[in-house]
Amino acid sequence: QVQLVESGGGLVQAGGSLRLSCTASGRTFSMAWFRQAPGKEREFVAAIRRISAYADSVKGRFTISRDNAKNTVYLQMNSLKPEDTAVYYCAAGPSPTTQPLEYDSWGQGTQVTVSS
């Protein structure tokens, strides 16, 4: 397992943008972003290995990318909506799945709040 550290969260108005970053302590195969709002289960947002995949709720607005030389994954979030408000978690694992249990390394989370 590797250690993951997220950053870049904050408070923005609806329609605004944020970029989240996650740096790993070592090289990884697949990386992903999940989010969890109060009272809700953790849900898949995006994942990347050779190709990227997105949840329908963020498709067209969010972009996941990675810099392998820096062991870092990014999540560019545009056209943010109040329903995007959640704690966002970075994850790493052997395969790019949508299931949280398939990932064996997790960051501490970073808060994203979108006001209307």
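A polar contact is a pair of N or O atoms within 3.5 Å; within protein, one must be able to donate a hydrogen and the other to accept it. Keep that cut-off in mind for the first stop. The model on screen is predicted.

**Stop 1: Arg-35**

Select Arg-35, in strand S4. Is Arg-35 buried or exposed? Arg-35 has a relative accessible area of 5%, so it counts as buried, the limit being under 20%.

Now show its side chain together with those of Glu-43 and Ser-57. The side chains of Arg-35 and Glu-43 make a polar contact of 2.8 Å. A second polar contact, of 3.5 Å, links the Arg-35 side chain to that of Ser-57.

Next, bring up the surroundings, skipping residues within four places of Arg-35 in sequence. Its contacts include Glu-41, Arg-42, Glu-43 and Val-45. Ser-57, Val-58 and Phe-62 are also among them. So are Glu-83, Asp-84, Ala-86, Val-87 and Tyr-88.

**Stop 2: the nonpolar core**

Stay with Tyr-88 and add Trp-33, Leu-75 and Met-77. These four have the most contacts inside the largest nonpolar core, a set of 33 residues. Which elements give two or more residues to this core? Color strands S3 (18–24), S4 (30–36), S5 (43–48) and S7 (62–67). Then add S8 (72–77), S9 (86–93) and S11 (110–115) to complete the list.

Center on Met-77. Leave out residues up to four places away in sequence. Met-77 then touches Gly-16, Ser-17, Leu-18 and Leu-20. Arg-61, Phe-62, Tyr-88 and Val-112 are touched by Met-77 as well. Phe-62 and Tyr-88 will look familiar: both are also in contact with Arg-35.

**Stop 3: the S7–S8 hairpin**

Select S7 and S8 together. The two strands run antiparallel, and six bridges join them. For one pairing, pick Ile-64: its bridge partner in S8 is Leu-75. Leu-75 is one of the core residues from the previous stop.

Move to the turn. S7 and S8 form a hairpin with four residues between them. Where is Asn-71? Asn-71 sits in the loop between S7 and S8. Check its backbone: Asn-71 is not a glycine, yet its phi is positive, about 55°.

**Stop 4: Ser-79**

Follow the chain out of S8. Ser-79 is in the loop between S8 and S9. Here too a residue other than glycine has a positive phi, about 50° for Ser-79. Is Ser-79 buried, partly exposed or exposed? Its relative accessibility is 41%, so Ser-79 is partly exposed, falling between the 20% and 50% limits.

How values were computed. Residues numbered from 1 in each chain as written. Predicted model: local features only at pLDDT ≥ 70, side-chain atom pairs only at ≥ 80, totals over all residues. Heavy atoms only, no water. Core = buried A, V, L, I, M, F, W, Y, C linked by side-chain atoms within 4.5 Å. Buried < 20%, exposed > 50% of the residue type's maximum accessible area, 1.4 Å probe, protein only. Contact = heavy atoms within 4.5 Å. Pairing = 2+ DSSP bridges.
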